[in-house]
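Here is a small set of exercises for getting to know a new protein. Try each task yourself, then read through the worked solution.

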Amino acid sequence: MATLDPAGIDIATLAWLAGSAANRAILAELHRAGHTGVRNSHGYVIQHLIHGAPTVSELADLLDVTQQAASKHLLELERLDYVARVPDPGDSRVRRARLTDRGRRLVDDSRRVRRQLDDRLTKLAGDDAADSARRVLVRLLDATGETASVTARRAVPPSE
């Protein structure tokens, strides 16, 4: 089988392949930092807990999944001690999901690891090339109509 020159791959596919490789590397680093059990799909849930404490129903709407799927993700994150469900201050019958201290550490560690990868890439490619790559990827979001969902932190998990 002939080898493939990555520079000949269309931008959308190359962006997906590079993003997938980056996610694997970031996840491996997070596992080494003690965040075993965490998966890429957990990030879609956690993004909604950074500045809020949604109910299962609210989270399901944000993720564009069923309440059962949202509940399953929360249960996984609770078992890993990244999320706790707490009573709503205005109605104790309502339970809200919030990040635990361990969950906040995961967010901080994830940001640190992503920053380190970004810095490494910028050193390899140079500032101008890294800035150009960002602009091209933002234009890809524009071209696919996904910019608004990203800026509103409403990116949803990929459907399989």
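The exercises below go through this predicted model from its overall build to single residues.

**Exercise 1. Describe the overall build of the protein chain.**

Step 1: Start with the secondary structure. The protein chain has seven helices and two strands.

Step 2: Put them in order. Reading from the N terminus, the elements run α-α-α-α-β-β-α-α-α.

Step 3: Look at the extent. The C-alpha trace spans about 60 × 35 × 35 Å along its principal axes.

Step 4: Turn to burial and contacts. Of the 160 residues in the protein chain, 26% are buried. Among contacts with a separation of 6 or more, 53% join residues 24 or more positions apart.

Step 5: Finish with the surface. The accessible surface is about 10600 Å², and carbon and sulfur atoms hold 55% of that area.

**Exercise 2. Take stock of the charges and their pairings.**

Step 1: Count the charged side chains. There are 24 positive and 22 negative ones, and the centres of these two sets lie 5 Å apart.

Step 2: Recall a general idea. Side chains of opposite charge can pair when their charged atoms come close.

Step 3: See how often this happens here. A search of the whole structure turns up 11 salt bridges.

**Exercise 3. Work through three salt bridges: which partners lie in one helix, and are the partners buried or exposed?**

Step 1: Begin with Lys72 and Glu76, whose side chains form a salt bridge at 3.9 Å, N to O. Both residues sit in helix 4, four residues apart, which is about one turn of the helix.

Step 2: Compare their surroundings. Lys72 counts as exposed because its relative accessible area is 53%, over the 50% cut-off. Glu76 counts as buried because its value is 19%, under the 20% cut-off.

Step 3: Go on to Asp109 and Arg112. Their closest N and O atoms are 3.7 Å apart in a salt bridge. Helix 5 holds both of them, three residues apart, again about one turn of the helix. Arg112 has a relative accessibility of 28%, so Arg112 is partly exposed.

Step 4: Widen the view. Salt bridges that share partners join Arg39, Lys72 and Glu76 into one network.

Step 5: Add the pair Arg96 and Asp88. In this salt bridge the closest N and O atoms are 2.5 Å apart, and both residues are buried.

**Exercise 4. Find two patches on the surface and say which residues form them.**

Step 1: Look for positive charge. Arg98, Arg104, Arg111, Arg115 and Arg153 gather in a positive patch on the surface.

Step 2: Ask where these residues come from. Helix 5, residues 101-125, gives the most to the positive patch, with three residues. Arg98 belongs to strand 2, residues 95-99.

Step 3: Check the exposure of Arg98. Its relative accessibility is 37%, so Arg98 counts as partly exposed.

Step 4: Now look for nonpolar side chains. Leu14, Trp16 and Leu17 make up a nonpolar surface patch, and together they have about 310 Å² of accessible area. Leu17 is part of helix 1, residues 11-32, and is partly exposed because its relative accessibility is 36%.

**Exercise 5. Examine the backbone at Asp81 and Arg153, then locate Asp64.**

Step 1: Read the phi angle of Asp81. Although Asp81 is not a glycine, its phi is positive, about 65°.

Step 2: Place Asp81 in the chain. Asp81 lies in the loop between helix 4 and strand 1 (83-87), and its relative accessible area of 43% is why Asp81 counts as partly exposed.

Step 3: Repeat this for Arg153. Arg153 is not a glycine either, yet has a positive phi of about 55°. Arg153 is located in the segment after helix 7 (147-151). With 36% relative accessibility, Arg153 is partly exposed.

Step 4: Locate Asp64. The loop between helix 3 (56-63) and helix 4 (67-79) contains Asp64. Asp64 is exposed because its relative accessible area is 64%.

Step 5: Look across the chain from Asp64. Asp64 and Arg154 are 90 residues apart along the chain, while their C-alpha atoms are separated by 9.1 Å.

Terms used: Residues are numbered from 1 along each chain as its sequence is written. This is a predicted model: local features need pLDDT of at least 70, side-chain atom pairs count only at pLDDT 80 or more; totals for chains, interfaces and linings use all residues. Side-chain values use heavy atoms; hydrogens and water are left out. Patches are made of residues with over 30% relative accessible area and no salt bridge: like charges are joined within 9 Å, nonpolar side chains (Val, Leu, Ile, Met, Phe, Trp, Tyr) within 5 Å. Accessible areas come from the Shrake-Rupley method with a 1.4 Å probe; for residues, only the protein chains shown count as cover. A salt bridge is a side-chain nitrogen of Lys or Arg within 4 Å of a carboxyl oxygen of Asp or Glu. Lys and Arg count as positive and Asp and Glu as negative; His and the chain ends are not counted. The place of a charge is taken as NZ of Lys, CZ of Arg, CG of Asp or CD of Glu. Buried means under 20% relative accessible area, exposed over 50%, partly exposed in between (1.4 Å probe, protein chains only). Contact means heavy atoms within 4.5 Å.
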